[in-house]
Amino acid sequence: MMLSSYINTLFATSAIMSSLALGAADHWIVTQLQTLTISRMDPIVNPNDVSGHVHRVVGASNFNWHLNDPQTQLNAACSSTIIGDDKSNYWAPQLYYRHPNNTFTPVLGGVRVYYFNKNKDVQPFPPGLNMISGLAMKRDLTATQSLGIKISCDHGLQTQWLPNGTSHPGGCGSISMGIYFPSCGLANGATSSSDHFSHMAWPQSYDGPNLVDDPNGIVCPSSHPIKYPTIFAEFNYYLDADHPWRNDECTLVLSNGDCTGNNFHADFVNGWVPQTLKDAIAQCGYGKGPGDNLDACAPLKKTKSEPNSWECRLDGKIPDEEVGLWRPISQLPGCNPLWKNGVTQKPGCSSTPKPGYVFPNAYFENLKFRNKIPVALAELKDNADITTFIPSVGDTGAGRLGWWGSEGSNKNQLTKGNWQAIIDSLAPGTNPPAIGNMITLTTSQTEDEENTVETQDHEASADTDDGTQSEANTPPVLAADPPASESTTPATTAVEAEGAESTSAKYCKRKKRGLLPRAGDALSSHLSRRSRRRSIHGQQISVYVL
Ligand SMILES: *[C@@H]1O[C@H](CO)[C@@H](O)[C@H](O)[C@H]1NC(C)=O
Ligand SMILES: *[C@@H]1O[C@H](CO)[C@@H](O)[C@H](O)[C@H]1NC(C)=O
């Protein structure tokens with residue numbers, strides 16, 4: 001079976017499920033966002049420069065060190081979102097894992113972007129509109145810019161805080177770094193402002209008789225009367241066996257050094273094909289939102305393609321520095337010492353080297369999240385360097401390096417990953433199986449979780465006592481598509497948060513006993529909102545040959 005048709009089948013299944021979800025009518029969700037780059041680039045705040053800290057960027061392939069003019073943005077070769085006509089870019093500080101020896105590795109995951117249309121007068125974004133939500137450099141939770149931050153552990157309660165050892169002593173398997181963007185614009189249609197925020201304002205909702213700012217509110221204040229769609233961008237991250245939860249301070253840290261989450265922020269540049277966004281708002285906007293089921297929205301369905309999103313690569317150059325994908329780094333790129341809780345002022349440095357921009361020579365591929373992230377690694381000289389290197393084999397899937405292709409190439413010139421080779425490389429000595437078959441491998445490494453079908457969960461699932469998972473009837477889901485709630489808003493309930501805690505605790509208990517996580521533990525249980533899969537080391541696994 002072709003990769004794309006297998007995946008499409010999976011997507012159709014999950015889409016049907018989500019269309020049954022309550023309250024989807026006020027939004028659509030752009031899913032499957034593949035990471036274009038993890039690098040110090042920020043064309044809004046630091047144009048023509050390297051940015052102060054590392055961002056994880058998704059969207060249009062022609063993301064650059066300066067903002068593109070709107071027409072150039074639309075001319076991007078591809079989008080790393082599931083909607084080809086969404087040539088926007090979305091970026092946020094990368095979440096890092098701090099190892100016990102004080103080195104740092106980027107945490108991997110997927111991205112979802114919600115578009116809420118909560119009244120009938122929502123207007124499409126003007127071409128070139130760009131904005132920021134959150135405060136990168138100043139710690140002030142009472143500032144209006146901080147209002148949109150919604151961080152959660154295992155899709156539980158949303159706060160402005162990264163989960164930490166005090167708030168989540170039982171640990172977390174997944175961390176959702178969510179943020180709303182302001183959605184009310186000036187009457188003159190301004191697309192930017194010097195602080196990148198004040199041309200926009202929060203919408204409002206009634207709290208009793210009073211209108212109050214509400215990041216997902218319904219009406220706009222008179223100062224900023226134009227209601228645009230409300231964007232909620234969710235950058236999801238997954239811990240794994242190589243990056244296990246620890247209760248120490250600053251186990252999780254944002255690329256700007258922030259250990260609290262208070263300085264989470266995100267940036268957006270509109271690159272929607274204007275007619276598509278207009279049609280989507282008209283046909284799938286207020287009262288007609290399809291949620292995850294984009295096939296139910298003709299304007300979005302028109303250019304919907306998971307394979308295109310996964311294959312979309314960054315065009316052009318990246319800063320010439322390691323960000324931790326190849327091996328852990330000893331400090332966060334830029335001047336970003338740990339910025340702990342209780343410290344108002346961001347700590348500084350005496351000097352900070354500034355890299356130049358270079359064409360990437362290789363990509364870091366993560367099998368589960370479909371990421372092919374460009375890297376510039378002068379130390380890679382020949383094929384042996386590439387093929388022998390497997391930097392991370394954990395519950396979030398194996399990673400590996402591949403050559404990027406000729407310098408400055410667009411996606412059509414790149415060497416594409418060969419899934420057969422990947423499967424073979426994970427199971428040395430296994431005879432090449434027939435395409436389309438499901439095979440069982442015994443491996444000392446990890447499987448491509450995406451393509452895994454349960455083989456030995458019956459015993460394991462009997463051991464889950466939360467009773468919430470139905471093993472047999474749940475289809476596999478897309479790995480890059482995090483297990484977000486399918487409710488009206490991305491917010492989930494305290495009940496869910498509690499459930500997550502207890503499964504996390506189980507995960508940790510098994511970890512302490514030196515056992516691997518199993519179905520019902522944090523990682524597998526959060527993956528199983530819509531499905532159940534396992535990650536297994538040194539055991540039998542089943543994979544589809546694509
Ligand atoms: C620090 O720990 C990481 C994770 O275990 C390991 O990969 C790395 O080699 C260690 N670095 C040093 C300098 O010990
Ligand atoms: C942990 O998070 C809570 C909020 O969930 C916060 O009140 C507390 O100060 C944080 N502690 C540390 C050490 O960051």
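In this predicted model, five strands make up an open sheet in the order 2-3-4-18-8, and the pairing is antiparallel. Its edges are strand 2 (35–39) and strand 8 (130–134), each of which pairs on one side only. On average, and with direction ignored, neighbouring strands of this sheet are turned by 15° against each other. At the strand 2 edge, four bridges connect strand 2 with strand 3 (residues 55–59) in the antiparallel sense. Within that pairing, Ile 38 stands opposite Arg 56 of strand 3.

Another open sheet has three strands in the order 12-11-15, again with antiparallel pairing. Strand 12 (200–201) and strand 15 (226–227) are at the edges with a single partner strand each, so one side of each has no neighbour in the sheet. Strand 11 (residues 184–185) and strand 12 run antiparallel and are joined by two bridges. Cys 184 has Ala 201 in strand 12 as its bridge partner.

Strand 7 (residues 111–116) is mostly covered, with six of its six residues buried. Both of its faces are covered: Val 111, Val 113 and Tyr 115 are buried on one side, and Arg 112, Tyr 114 and Phe 116 are buried on the other. Strand 7 pairs with strand 1 (residues 27–33) in the antiparallel sense over five bridges, and His 27 has Phe 116 as its bridge partner in strand 7. Strand 7 also pairs with strand 16 in the antiparallel sense, over six bridges; there, Val 111 has Phe 235 of strand 16 as its bridge partner.

The pairings described above are collected here.

| Strands | Sense | Bridges | Residue pair |
|---|---|---|---|
| 2 and 3 | antiparallel | four bridges | Ile 38 and Arg 56 |
| 11 and 12 | antiparallel | two bridges | Cys 184 and Ala 201 |
| 1 and 7 | antiparallel | five bridges | His 27 and Phe 116 |
| 7 and 16 | antiparallel | six bridges | Val 111 and Phe 235 |

The largest nonpolar core has 79 residues, of which Trp 28, Ala 92, Leu 95, Val 113, Ile 175, Met 177 and Ala 233 touch the most other members. Strand 16 (residues 230–238) supplies the largest share of this core, six residues. Leaving aside neighbours within four places in sequence, Leu 95 is in contact with Val 107, Ile 175, Met 177, Tyr 237, Leu 252 and Leu 254. Another core, of 14 residues, lies apart from the largest one and includes Val 54, Leu 325, Phe 364 and Ile 373. In soluble globular proteins, nonpolar side chains tend to be buried together.

For the protein chain as a whole, the secondary structure comes to 10 helices and 26 strands. Buried residues account for 51% of its 546 residues. Among contacts between residues at least 6 apart in sequence, 74% join residues at least 24 apart.

Cys 78 lies in the loop between helix 2 (70–74) and strand 4 (89–93). Cys 78 counts as buried because 23 other C-beta atoms lie within 10 Å. Its C-alpha atom is 8.2 Å from that of Gly 59, and the two residues are 19 apart in sequence.

Two ligand surroundings can be described. Around ligand 1 are His 99, Asn 101, Thr 103 and Pro 328, a shell of one nonpolar, three polar and no charged residues. Around ligand 2 are Thr 159, Trp 161, Asn 164, Thr 166, Ser 167, Glu 249, Thr 260 and Asn 341; by class, this shell has one nonpolar, six polar and one charged residues.

Key
Residues numbered from 1 in each chain as written. Chains lettered and ligands numbered in written order. Predicted model: local features only at pLDDT ≥ 70, side-chain atom pairs only at ≥ 80, totals over all residues. Near = placed C-beta within 6 Å. Nonpolar A, V, L, I, M, F, W, Y, C, P; charged D, E, K, R; others polar. Buried ≥ 20, exposed ≤ 12 C-beta atoms within 10 Å, placed from the backbone. Contact = placed C-beta atoms within 7 Å. Pairing = 2+ DSSP bridges. Axes fitted to C-alpha atoms, helices over the stretch in contact; angles between N-to-C directions. Core = buried A, V, L, I, M, F, W, Y, C linked by C-beta atoms within 7 Å.
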